[in-house]
Amino acid sequence: MTDTGSGAHRLDTSKPHSARMYDYFLGGKDNYPVDVAAAEQVTALFPAVSAMARTNRAFMHRASRLLAQRGVRQFLDVGTGIPTRPNLHQIVQGIAPESRVVYADNDPIVLRHAEALLHSTPEGRTAYVQGDVREPGKIIAAARETLDFTRPIALSLVALLHLVADEDEPRRIVRELLAPLPSGSYVTLSHATGDFDPETWERVVEVYRKGGTAAQVRSRSEFAAFFTGLELLDPGVVLAAEWHPELGDRQGGTEIPLYVGIGRKP
């Protein structure tokens, strides 16, 4: 499942990449000076960005744990990022060892670390595909090699859609990723917002765009629109710190401008 085709190993260190900046925010070492420079610009504008990254990560843990406890045994994580333990498969296979997980990302450095994503339990399976969310058909085709599309799948688009501009039609992308998934499947989303400090986030977005990433924060109503036609799990669309804090791994507070939610395909 690991795509090692032409260009898969080429790292462009001349401009920052969102996955490597995220790694920096989490305290990782898999980044380059250009990523550090851009990340420090963001930090200067929004000092809580590292806390926001940890909050997002903690939400992913809680959401994955909840879905595994609800009986989901297949997961498709798009926009995986550089591996940081515990990874999604370690969370869900800790609950159900037979779980299958497919990871997808478009940064070649994630491919270099894919072995960390492939240490599955003997009963389960993990796989990695080099893929861009703007080409959902290719991701789905690759995921079919590992996942059974007649059984529910949990699609994860965590901290990804705010890196997809409106001109790339993110709502269409979500629809196309969900379309082949059977009834009873889920989608987990988190998304940065400028609702509470629009001027700061306008500047943060500009840092990403100058680096070549089509970032775009969205309002609560714009984020909620991604769940159109789906059944929202309680407590609905809320800030990350307010989403099932009783499940543990809570980071940050209500001031972290990150909306989250899980929708179920009826």
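Leaving out neighbours within four places in sequence, Phe75 is in contact with Ser64, Leu67, Ala68, Leu88, Val92, Arg100, Val101, Val102, Leu147 and Ala154. Keep in mind that this is a predicted model. Phe75 also turns up among the residues with the most contacts inside the largest nonpolar core, and one of its partners, Ala154, stands opposite Tyr186 in strand β5. Here's a quick tour of the cores, that strand, and a couple of helices.

**The nonpolar cores**
- The largest nonpolar core has 49 residues, and those with the most contacts inside it are Phe25, Val42, Leu67, Phe75 and Trp243.
- Helix α3 chips in the largest share of this core, with 10 residues.
- Another core lies apart from that one and has 33 residues, including Val164, Val187, Leu230 and Tyr259.
- In soluble globular proteins, nonpolar side chains tend to be buried together.

**Strand β5 and what sits beside it**
- Why call β5 (residues 186-192) largely enclosed by the rest of the structure? Seven of its seven residues are buried, so that's how the strand ends up.
- Both faces are covered: Tyr186, Thr188, Ser190 and Ala192 are buried on one side, and Val187, Leu189 and His191 are buried on the other.
- With strand β4 (residues 154-158), β5 pairs in the parallel sense over five bridges.
- Take β4, add helix α7 (residues 170-178) and then β5, and you've got a right-handed β-α-β unit.
- Strand β8 (residues 258-264) pairs with β5 too, this time in the antiparallel sense over seven bridges.
- In that pairing, Val187 stands opposite Gly263 of β8; Val187 is also one of the residues in the 33-residue core.

**Helix α1**
- Helix α1 (residues 18-25) is mostly covered, with six of its eight residues buried.
- The buried ones are Ser18, Ala19, Arg20, Met21, Asp23 and Phe25, and Phe25 is the one you've already met in the largest nonpolar core.
- The cover over these buried residues includes α2 (33-45), α3, α5 (108-112) and α8 (198-210).
- Just after α1, Gly27 takes a positive phi of about 90°.

**Arg57, a buried charge**
- Arg57 sits in helix α3 (residues 49-69).
- What's the nearest side chain of opposite charge to Arg57? That's Asp77, 6.5 Å away; Arg57 is buried yet has no salt bridge.
- Setting aside neighbours within four places in sequence, Arg57 is in contact with Tyr22, Leu26, Thr84, Pro86 and Asn87.

Methods: Residues are numbered from 1 along each chain as its sequence is written. This is a predicted model: local features need pLDDT of at least 70, side-chain atom pairs count only at pLDDT 80 or more; totals for chains, interfaces and linings use all residues. Side-chain values use heavy atoms; hydrogens and water are left out. Buried means under 20% relative accessible area, exposed over 50%, partly exposed in between (1.4 Å probe, protein chains only). Helices (H or I, at least four residues) and strands (E, at least two) are DSSP runs, numbered from the N terminus. Two strands pair if DSSP finds at least two bridges between them. A crossover is right-handed if, with the strands pointing away from the viewer, the path from the first strand over the helix to the second runs clockwise. Lys and Arg count as positive and Asp and Glu as negative; His and the chain ends are not counted. A salt bridge is a side-chain nitrogen of Lys or Arg within 4 Å of a carboxyl oxygen of Asp or Glu. Contact means heavy atoms within 4.5 Å. A nonpolar core is a set of buried Ala, Val, Leu, Ile, Met, Phe, Trp, Tyr and Cys residues joined through side-chain atoms within 4.5 Å.
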